[in-house]
Amino acid sequence: MNYIGLSKEISYALRHAPWEYELEMDEEGWVPIEQLLDALHRENDWKNATQEDIQQMIDVSDKKRYEIIGSRIRAFYGHSIPMKISKIKSRPPEVLYHGTARRFMKSIMDNGLSPQSRQYVHLSQDIETAQNVGQRHDDKPYILAIAALKAWNDGISFYYGNEKVWLADFVPRIYIKEL
Ligand code: HQG
């Protein structure tokens, strides 16, 4: 089984286009696994995929992108669908990090971090994770340190994604420093 391909397909379905897969998604992003499997089975690449394959894909991945509880599955982060996925507000650690590209730096330092095509700004728990995120955009990514706890104390909302990923609606520039 091509687990990377399966993960990409499921990411597209759960984060970006559940309607293309006829998925009924609730406000926390949960969908019935059966519906997802039915949709996958309509595609040649995944016509024999099972729930065990999905579980295995989750288990072998270096990133925790999805969770299964009972008969439902959801993505932890990354959504771009019009219906905003509700996340639980949580007090962040003192500092979070964000890896980005040089070409975005001027706009970020002028305007703050905003979600762009996703629903939330994605922040990293540690510098290594931020490096990996930033490398998707630039060979030599810029790492930003976010004064998250100070921002939280000033009323900025943060949300827990997974143990490496935090989310925010917006991060004003006064909380952002280049590392
Ligand atoms: C930038 C992956 C200009 C921002 C990763 C980023 C992550 C601005 C880009 C998750 C800006 C958006 C999300 C502003 C932010 N002006 N540019 N004001 N504010 N930006 O891909 O955080 O592998 O939507 O710096 O690992 O890179 O898919 O967000 O460079 O966890 O599971 O706009 O996606 O996870 O890019 O990545 P993205 P991201 P997966």
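User: By class, how many nonpolar, polar and charged residues does the shell around the ligand have?

Analyst: A shell is read by sorting the residues near the ligand into classes, where near means having a heavy atom within 4 Å. In this predicted model, 18 residues surround the ligand, and by class they comprise five nonpolar, eight polar and five charged residues. The closest are Lys63, His98, Thr100, Ser107 and His137.

User: Which domains does the shell around the ligand draw residues from?

Analyst: Here one sets the shell beside the domain assignment, which gives domain 1 (3–75) and domain 2 (96–178) for the protein chain. The shell takes at least three residues from each of these two domains, whose C-alpha centres lie 27 Å apart. In terms of secondary structure, β4 (95–100) and α4 (105–111) each contribute at least two residues to the shell.

User: Which side chains have polar atoms close to oxygen or nitrogen atoms of the ligand?

Analyst: A polar contact is read as a pair of N or O atoms within 3.5 Å. For lysine 63, a polar side-chain atom lies 2.6 Å from an oxygen atom of the ligand, while an N or O atom in the side chain of arginine 15 is 2.7 Å from a ligand oxygen. Glutamine 116 places a polar side-chain atom 3.3 Å from a nitrogen atom of the ligand. The protein buries 88% of the 790 Å² that the ligand exposes when taken alone.

User: Which pocket is the space taken by the ligand?

Analyst: The ligand takes up the space of the largest pocket.

Terms used:
Residues are numbered from 1 along each chain as its sequence is written. This is a predicted model: local features need pLDDT of at least 70, side-chain atom pairs count only at pLDDT 80 or more; totals for chains, interfaces and linings use all residues. Side-chain values use heavy atoms; hydrogens and water are left out. Domain bounds come from an automatic or database domain assignment. A polar contact is a pair of N or O atoms within 3.5 Å; within protein, one must be able to donate a hydrogen and the other to accept it, and residues adjacent in sequence count only if both atoms are side-chain atoms. Accessible areas come from the Shrake-Rupley method with a 1.4 Å probe; for residues, only the protein chains shown count as cover. On a 1 Å grid over the protein atoms alone, a cavity is a set of points where a 1.4 Å probe fits but cannot get out, and a pocket is an open set with protein on both sides within 12 Å along at least five of seven lines; lining residues have an atom within 4 Å of a point. A molecule sits in a cavity or pocket if more than half of its atoms lie within 2 Å of its grid points. Helices (H or I, at least four residues) and strands (E, at least two) are DSSP runs, numbered from the N terminus. Ala, Val, Leu, Ile, Met, Phe, Trp, Tyr, Cys and Pro count as nonpolar, Asp, Glu, Lys and Arg as charged, and the others, Gly among them, as polar.
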